[in-house]
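Student: I have a structure open and would like to go through it. Can you help me read it?

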Number of protein chains: 8
Amino acid sequence: MEDLGFARVDVDRARRTGDAEVVYGAGKTPGQVIAILRTLHATHPDRAVMATRLSEEALAQVATSLPEASVDAVARAVTLGPLPEPRGTVAVVSAGTSDQSVAAEAALSVRVHGGGVDLIEDVGVAGLHRLLAVQDRLEAADCLVVVAGMEGALPSVVGGLTGVPLVAVPTSVGYGASFGGLAALLAMLNSCAPGVTVVNIDNGYGAGVFAARVARAAGR
Amino acid sequence: MEDLGFARVDVDRARRTGDAEVVYGAGKTPGQVIAILRTLHATHPDRAVMATRLSEEALAQVATSLPEASVDAVARAVTLGPLPEPRGTVAVVSAGTSDQSVAAEAALSVRVHGGGVDLIEDVGVAGLHRLLAVQDRLEAADCLVVVAGMEGALPSVVGGLTGVPLVAVPTSVGYGASFGGLAALLAMLNSCAPGVTVVNIDNGYGAGVFAARVARAAGR
Amino acid sequence: MEDLGFARVDVDRARRTGDAEVVYGAGKTPGQVIAILRTLHATHPDRAVMATRLSEEALAQVATSLPEASVDAVARAVTLGPLPEPRGTVAVVSAGTSDQSVAAEAALSVRVHGGGVDLIEDVGVAGLHRLLAVQDRLEAADCLVVVAGMEGALPSVVGGLTGVPLVAVPTSVGYGASFGGLAALLAMLNSCAPGVTVVNIDNGYGAGVFAARVARAAGR
Amino acid sequence: MEDLGFARVDVDRARRTGDAEVVYGAGKTPGQVIAILRTLHATHPDRAVMATRLSEEALAQVATSLPEASVDAVARAVTLGPLPEPRGTVAVVSAGTSDQSVAAEAALSVRVHGGGVDLIEDVGVAGLHRLLAVQDRLEAADCLVVVAGMEGALPSVVGGLTGVPLVAVPTSVGYGASFGGLAALLAMLNSCAPGVTVVNIDNGYGAGVFAARVARAAGR
Amino acid sequence: MEDLGFARVDVDRARRTGDAEVVYGAGKTPGQVIAILRTLHATHPDRAVMATRLSEEALAQVATSLPEASVDAVARAVTLGPLPEPRGTVAVVSAGTSDQSVAAEAALSVRVHGGGVDLIEDVGVAGLHRLLAVQDRLEAADCLVVVAGMEGALPSVVGGLTGVPLVAVPTSVGYGASFGGLAALLAMLNSCAPGVTVVNIDNGYGAGVFAARVARAAGR
Amino acid sequence: MEDLGFARVDVDRARRTGDAEVVYGAGKTPGQVIAILRTLHATHPDRAVMATRLSEEALAQVATSLPEASVDAVARAVTLGPLPEPRGTVAVVSAGTSDQSVAAEAALSVRVHGGGVDLIEDVGVAGLHRLLAVQDRLEAADCLVVVAGMEGALPSVVGGLTGVPLVAVPTSVGYGASFGGLAALLAMLNSCAPGVTVVNIDNGYGAGVFAARVARAAGR
Amino acid sequence: MEDLGFARVDVDRARRTGDAEVVYGAGKTPGQVIAILRTLHATHPDRAVMATRLSEEALAQVATSLPEASVDAVARAVTLGPLPEPRGTVAVVSAGTSDQSVAAEAALSVRVHGGGVDLIEDVGVAGLHRLLAVQDRLEAADCLVVVAGMEGALPSVVGGLTGVPLVAVPTSVGYGASFGGLAALLAMLNSCAPGVTVVNIDNGYGAGVFAARVARAAGR
Amino acid sequence: MEDLGFARVDVDRARRTGDAEVVYGAGKTPGQVIAILRTLHATHPDRAVMATRLSEEALAQVATSLPEASVDAVARAVTLGPLPEPRGTVAVVSAGTSDQSVAAEAALSVRVHGGGVDLIEDVGVAGLHRLLAVQDRLEAADCLVVVAGMEGALPSVVGGLTGVPLVAVPTSVGYGASFGGLAALLAMLNSCAPGVTVVNIDNGYGAGVFAARVARAAGR
């Protein structure tokens with residue numbers, strides 16, 4: 001473990017769990033994010049490290065200071081170092097344009113952790129025809145990540161269409177009695193479709209890590 | 001208003017709002033339910049009065065003491081007196097067998113308040129083909145009552161299929177973090193389908209009264 | 001569906017549900033709102049499209065960039081294109097000056113979706129004489145939208161005066177244990193007046209869509 | 001303080017706060033209730049002592065064992081010893097038959113603590129004409145206790161009709177999202193009528209004590 | 001009722017409930033507050049009108065534009081017109097310096113509504129000696145307003161010392177699991193001292209109105 | 001779909017999602033459970049069907065009426081028909097004896113849906129040595145189901161030891177502020193170990209279905 | 001660890017943390033409680049083992065089957081084997097008779113874990129004179145356990161009187177908006193007296209273990 | 001007590017409870033903090049006084065205006081005057097870098113109140129090897145303060161390793177369904193490790209005061 005003053009960096013972690021190193025950017029200054037990314041990258045030059053939940057300012061400074069980094073503005077995240085060869089496929093499904101950011105974070109997390117991604121957007125429950133049109137792509141995946149805010153109904157509908165393992169991600173999209181995503185979270189926990197699991201509100205990263213592990217094993 | 005000792009009966013109400021008299025049976029003894037039904041019927045011999053939320057025991061005693069009453073065991077309700085001629089149509093839609101009781105209460109309430117009923121059961125979001133098969137019946141209705149427990153996703157899906165006014169009824173079906181229907185209630189309040197309104201948990205009666213009013217006006 | 005880069009616009013929706021296209025403006029830049037409005041208007045030149053929840057800045061930019069648009073500053077909304085001929089009447093009832101914005105959003109939504117509006121303001125439960133003075137207008141409507149914050153009592157009182165279908169809209173007006181409108185929402189869900197349905201907190205738009213559908217059918 | 005083994009009885013309390021001794025009967029056996037009542041009565045033979053929240057069984061045993069006690073079956077309470085001369089008047093107002101028990105507990109508590117009572121029942125917000133008919137009696141009182149369940153709207157309406165000090169009592173009447181009286185409690189705390197105070201759910205006793213103190217002072 | 005464009009002013013209210021006119025300043029511009037105060041004052045030149053919850057900016061502008069107004073910076077409120085002759089006494093009791101603003105709002109509200117005030121500050125439950133030292137002043141009052149944040153224990157302790165009617169005001173002072181005053185509110189609703197009533201969080205105004213009514217009646 | 005009067009049985013489901021048919025026994029009579037099991041078994045004679053959440057009485061009657069059924073008293077579940085050949089391995093991990101029933105339901109669900117099971121009990125966070133002793137078995141699994149009540153810490157600790165996909169199941173074990181499993185649910189949703197997903201409280205069945213799907217794909 | 005079929009008994013625990021073995025009796029049959037007590041006692045014949053949360057039936061059967069056990073009916077607990085020599089003193093303070101059971105469980109837990117006990121009952125915040133009368137006993141203790149339900153104010157008041165370490169125990173005593181002890185728990189967490197720590201609702205055992213550890217160290 | 005206009009300073013408090021004077025800086029201006037510190041220091045020149053929860057601005061101004069003060073930027077706190085000789089040892093344990101500030105506040109509070117500190121950081125439950133490596137330091141302490149956010153699991157794991165009295169501090173670190181530390185708070189209250197007590201969210205100060213009292217007594 002190295003000590004940067006403001007954070008000890010756990011460079012052992014990849015060996016222990018087989019996963020990439022990730023910097024949770026919320027509450028960190030752009031300078032801190034860049035310093036941690038550099039340290040992690042120096043230790044793992046052969047595999048991507050990632051930083052998530054970056055502010056506009058942090059995204060801009062990383063782009064300037066680490067020109068070799070890859071910036072994903074929708075996901076509000078960056079990666080540094082080569083992405084692993086994808087094994088298996090995770091279909092990342094979302095409904096509204098306001099869920100795009102969480103879906104993009106999930107998709108990038110899948111890639112960084114070694115899974116392949118099929119991104120399927122704009123397939124909400126209020127427009128079933130769009131969803132039915134992608135049923136083959138859902139069936140072809142090794143794991144599904146389904147992102148939805150408001151009433152959080154999409155995982156139940158998708159879970160009724162296919163038997164592929166499904167991770168649901170509630171988002172904080174909504175207002176009034178959505179309580180920052182709590183309504184969607186409760187709906188997903190109570191899904192009538194068997195075999196739906198759930199992660200925390202807006203936690204695209206966690207869903208991506210989990211789904212990549214499932215897809216890698218299925219796709220080996 | 002007549003005074004029965006344990007309850008003053010508001011025989012004026014029908015004149016004031018145009019609706020039938022209804023006895024909320026929870027917490028009342030079978031004897032009290034029967035006495036109130038008799039009083040209301042004597043005042044309105046030409047139109048049905050209704051009692052809801054009856055226990056097994058109350059349903060049995062009413063069947064014995066008021067043989068002219070019509071007992072609906074699924075709805076746990078009885079009516080006394082002739083049902084009005086139906087005007088307009090309310091489609092009452094439900095998903096699971098455990099939502100049947102609330103759906104039946106809603107359907108009977110529609111009939112007692114002068115609407116016609118098309119009852120559509122077993123059309124949950126995890127089996128879209130059943131739902132799509134009844135789309136014509138949904139479109140043909142003047143108002144929809146959609147009953148669902150657990151994640152409460154059905155109103156959003158139905159609301160995406162049709163522009164008919166839709167009243168959602170969350171039920172207390174579920175366990176764990178369903179919190180007695182609260183998860184379904186929140187989901188319905190946050191429906192992404194515009195034009196969905198909601199009533200209290202298990203309140204089939206309230207949904208039925210509302211929907212009958214809408215259907216009567218549309219069907220006149 | 002057209003793709004504007006930041007949003008796919010569902011120009012099919014009107015055909016599917018019979019309703020207008022609406023842009024939810026919260027979280028969108030003024031430029032995005034204007035671009036979407038233009039796209040929708042080009043597709044439906046003969047009927048109004050609407051944008052809601054606009055910031056002061058967005059309202060001003062729309063007024064400048066789309067001079068043919070109609071700006072409703074109280075409702076924080078704009079319409080573009082000719083409003084449909086009104087069919088039926090929705091009475092939109094509110095209590096305090098702080099509920100005006102939600103009431104105005106409801107009223108405009110009714111108009112855009114083809115209903116007529118009778119706007120009745122300043123009729124709170126703490127001043128019954130004002131409410132009793134408008135009882136005839138309430139009775140003359142095909143549907144009521146009742147907007148109230150704080151204790152949310154107005155729908156119960158109005159619902160006791162008339163049998164017209166009533167949609168209640170809780171507002172986030174209040175402080176302390178009002179919990180951003182939750183107290184009003186719970187009160188309305190528990191209304192002792194039968195036939196009251198409820199939409200999400202501050203959801204004037206949803207109430208307006210629903211009420212317009214009811215009024216159009218009743219008034220045809 | 002005397003020690004009965006299962007409870008030390010605070011016979012000093014009346015002197016300290018000027019109020020009667022009261023036994024909270026919930027969770028106590030009939031025998032314990034009777035023993036405490038006897039001890040309190042022996043210490044204060046000249047003024048009533050009271051026991052509240054008694055089970056059917058406790059009410060029956062008190063009637064048998066303490067024939068000189070006065071049993072109020074509706075309030076589920078008993079008194080022993082002469083009631084004080086009433087000073088001032090408390091109007092106890094309630095809506096439904098299901099609120100009767102709490103209203104009766106409040107009324108009896110007022111009497112035991114020295115106030116006079118005017119009991120006004122069946123005046124709910126969904127039937128304003130009954131309420132307006134008693135406006136004179138409301139104005140004539142020195143303090144109001146307003147009891148309501150479900151949406152808890154009655155105190156706001158009464159508080160708009162008169163400037164008499166008003167104590168609101170939410171009751172646990174309701175179902176679904178009433179949460180055992182919480183909806184009514186929140187509504188009352190958020191009343192738009194100024195000068196409304198609130199006690200705990202079903203706490204007729206507390207409201208009665210408070211109102212008696214106000215009425216005694218006003219009526220002296 | 002006069003119409004100022006942004007608000008209809010209810011100049012009838014004083015006649016109806018015997019109370020002063022009050023402007024709730026939160027969410028209003030300084031200019032609006034000043035305009036409403038002027039209108040109310042013109043109608044009631046012989047009695048004070050009040051504005052509460054004013055921003056720093058509004059307090060300053062009122063001081064400039066209405067030099068005859070009396071500004072209470074601690075209470076964040078102003079009055080315009082002569083205060084009524086005080087009848088009876090309300091003791092306003094608070095614990096910490098952070099509760100001062102709510103206590104001051106309560107005290108001013110009492111004065112505007114015709115009661116006299118005895119302000120007792122810095123008497124928290126963690127320093128009982130200060131509280132016991134003012135017991136005589138508590139007993140001498142006709143009504144108590146007890147203001148407390150955090151654990152909200154002060155009303156229970158004061159209510160055990162005296163039989164004077166007591167209105168408790170929870171404040172939003174606290175952090176962590178105080179939930180903006182909810183912890184204090186719940187504590188006060190569950191007070192073991194009989195005869196404690198409660199108003200909404202930070203609602204010094206409501207407590208003051210109520211207490212003034214009680215004190216005026218007791219002191220006449 | 002066949003209609004048994006009290007339930008339509010969806011015999012199509014296995015074909016659609018590849019999974020077994022399951023009867024949720026809560027709220028059903030023993031006779032209903034037996035009838036549904038017989039119908040499902042007749043349709044799928046070659047693969048096990050399952051009934052969960054059975055009462056003591058239902059378990060006993062099934063044992064008598066369906067002697068060919070296999071009864072799992074700890075899981076409160078029965079299976080009828082041959083279990084599929086296990087593919088892959090799910091390690092089902094639990095802490096206390098009070099979590100045994102949920103763990104057993106998860107384990108049986110895995111088996112019925114085609115996965116193999118390694119059951120690891122009594123490895124709570126307050127006794128780390130037991131947990132460290134099974135680290136090899138954790139690593140050898142294709143998916144983990146970790147069951148825990150009270151503070152729900154076990155998934156975080158296990159998730160820190162291994163990179164195997166992990167599904168956490170909160171149980172309703174606990175008292176006081178555990179709120180029927182809500183404390184454990186929230187803890188699991190907030191796990192600091194990446195790649196933890198969560199199902200509803202006590203939902204061993206859902207976790208088992210999901211984990212079996214993951215293990216089958218990894219083990220093929 | 002020994003395996004009794006229904007529970008593995010952790011006979012190692014005392015060695016690991018220096019504390020006694022305790023059986024949580026809720027949900028266990030009397031026979032199971034007795035069997036576990038016997039096993040634990042056989043392993044630790046020289047120090048007391050304890051069982052808590054026993055039903056009336058379990059208390060009776062233990063008294064019969066294990067005559068050498070010591071039964072504490074108020075604490076609903078039993079001990080088997082010699083209590084350790086007390087070191088240091090824990091003052092266990094409670095208010096009402098309804099808190100007695102939790103206070104007794106705390107006191108017995110202190111004794112079993114090696115602390116001495118000074119039990120101080122009936123000292124509620126509504127009767128300060130009783131509390132002030134025991135101030136010397138509070139000061140003489142090495143640790144305080146303060147048990148209170150309803151508004152949970154007692155720890156704040158005691159914490160203001162003394163600097164002795166104080167553990168607060170909320171109890172589920174109360175009704176209405178006490179929410180099974182939640183109101184008291186929140187109050188205690190927000191205590192204005194510094195140095196107050198809190199355990200779960202009704203958790204006299206946990207408070208006792210903690211306080212015994214503190215007292216033993218202080219008293220050595 | 002001295003009166004500074006904006007606050008009365010309780011210079012008596014140290015004598016009463018044996019503890020230092022502390023200024024809660026949140027909501028106070030830098031000037032107010034400095035004035036109160038000066039007053040307290042003048043009264044207690046021989047022992048440190050402390051100010052907590054200081055803004056960046058207040059920390060800077062104190063550094064300038066009171067150069068003799070000691071500024072702890074991580075703890076966002078300052079002390080003025082000599083720290084007491086440490087007696088006993090409190091181990092302050094935390095997991096993530098985001099818990100550092102609360103841990104530092106706890107550590108400084110321990111020192112100011114007379115205890116010694118052993119600060120142990122970066123020992124989260126997802127990396128057990130780091131925690132096991134410090135087991136000796138945990139055992140050597142007289143009291144533990146364990147700080148954790150997110151799922152709040154660390155106190156349970158530490159409490160299983162040692163019998164030293166343990167105070168848990170939940171922090172507001174987390175997002176989504178962590179609800180500002182509520183998830184961690186509930187987890188800690190439900191800890192399966194006996195003898196864990198809890199303070200309010202982020203309340204490092206309160207934990208430090210308590211732990212110092214325990215350590216001082218154990219270490220004398």
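Tutor: We will take the confidence scores, then some helix packing, then a few chain pairs.

Student: Ok. What pLDDT does chain A average?
Tutor: This is a predicted model, and chain A averages a pLDDT of 90. In that chain, 91% of the residues score at least 70.

Student: What about the rest? How should I read places where pLDDT is low?
Tutor: Where pLDDT is low, do not read the predicted coordinates in detail.

Student: And which ipTM and pTM does the model score?
Tutor: The ipTM is 0.92 and the pTM is 0.94.

Student: Helices now. At what angle do helix 9 of chain A and helix 9 of chain F cross?
Tutor: Roughly 40°, and their axes come within 7 Å. Each of these helices covers residues 204-219 of its chain.

Student: Why is helix 9 of chain A called oblique to helix 9 of chain F?
Tutor: Because of that crossing angle: helix 9 of chain A is oblique to helix 9 of chain F. The crossing itself is left-handed.

Student: Which residues make that contact?
Tutor: On the chain A helix they are Phe210(A), Val214(A), Ala217(A) and Ala218(A). On the chain F helix they are Phe210(F), Val214(F), Ala217(F) and Ala218(F). By class, this contact between the two helices has 8 nonpolar residues, no polar ones and no charged ones.

Student: How do helix 4 and helix 9 pack inside chain A?
Tutor: Helix 4 of chain A, residues 100-112, packs against helix 9 of chain A at an angle of about 35°, and the axes are 7 Å apart. Their crossing is right-handed.

Student: Which classes of residue are in that contact?
Tutor: The contact of helix 4 with helix 9 in chain A has 7 nonpolar, 3 polar and 1 charged residues. Among those from helix 4 are Val102(A), Glu105(A) and Ser109(A); helix 9 contributes residues including Gly204(A), Tyr205(A) and Gly208(A).

Student: Different topic: chain pairs. How many residues of chain C are in contact with chain B?
Tutor: 30 residues of chain C, against 31 residues of chain B. The area buried between the two chains is about 2500 Å², and carbon and sulfur atoms give 58% of that area.

Student: Which three residues of chain C supply more than any other three?
Tutor: Leu189(C), Pro194(C) and Phe210(C), with 24% of the area that chain C buries against chain B.

Student: And how far apart are chain B and chain E?
Tutor: Their closest C-alpha atoms lie 21 Å apart, and no contact joins them. No contact joins chain B and chain G either, and there the closest C-alpha atoms lie 15 Å apart.

Note on methods. Residues numbered from 1 in each chain as written. Chains lettered and ligands numbered in written order. Predicted model: local features only at pLDDT ≥ 70, side-chain atom pairs only at ≥ 80, totals over all residues. Heavy atoms only, no water. pLDDT = per-residue confidence, 0-100. Axes fitted to C-alpha atoms, helices over the stretch in contact; angles between N-to-C directions. Helix = DSSP H or I, 4+ residues; strand = E, 2+ residues; numbered from the N terminus. Parallel < 35°, antiparallel > 145°, perpendicular 65-115°, else oblique. Left-handed = near helix turned anticlockwise from the far one by under 90°. Contact = heavy atoms within 4.5 Å. Nonpolar A, V, L, I, M, F, W, Y, C, P; charged D, E, K, R; others polar. Buried area = accessible area lost by both parts, 1.4 Å probe.
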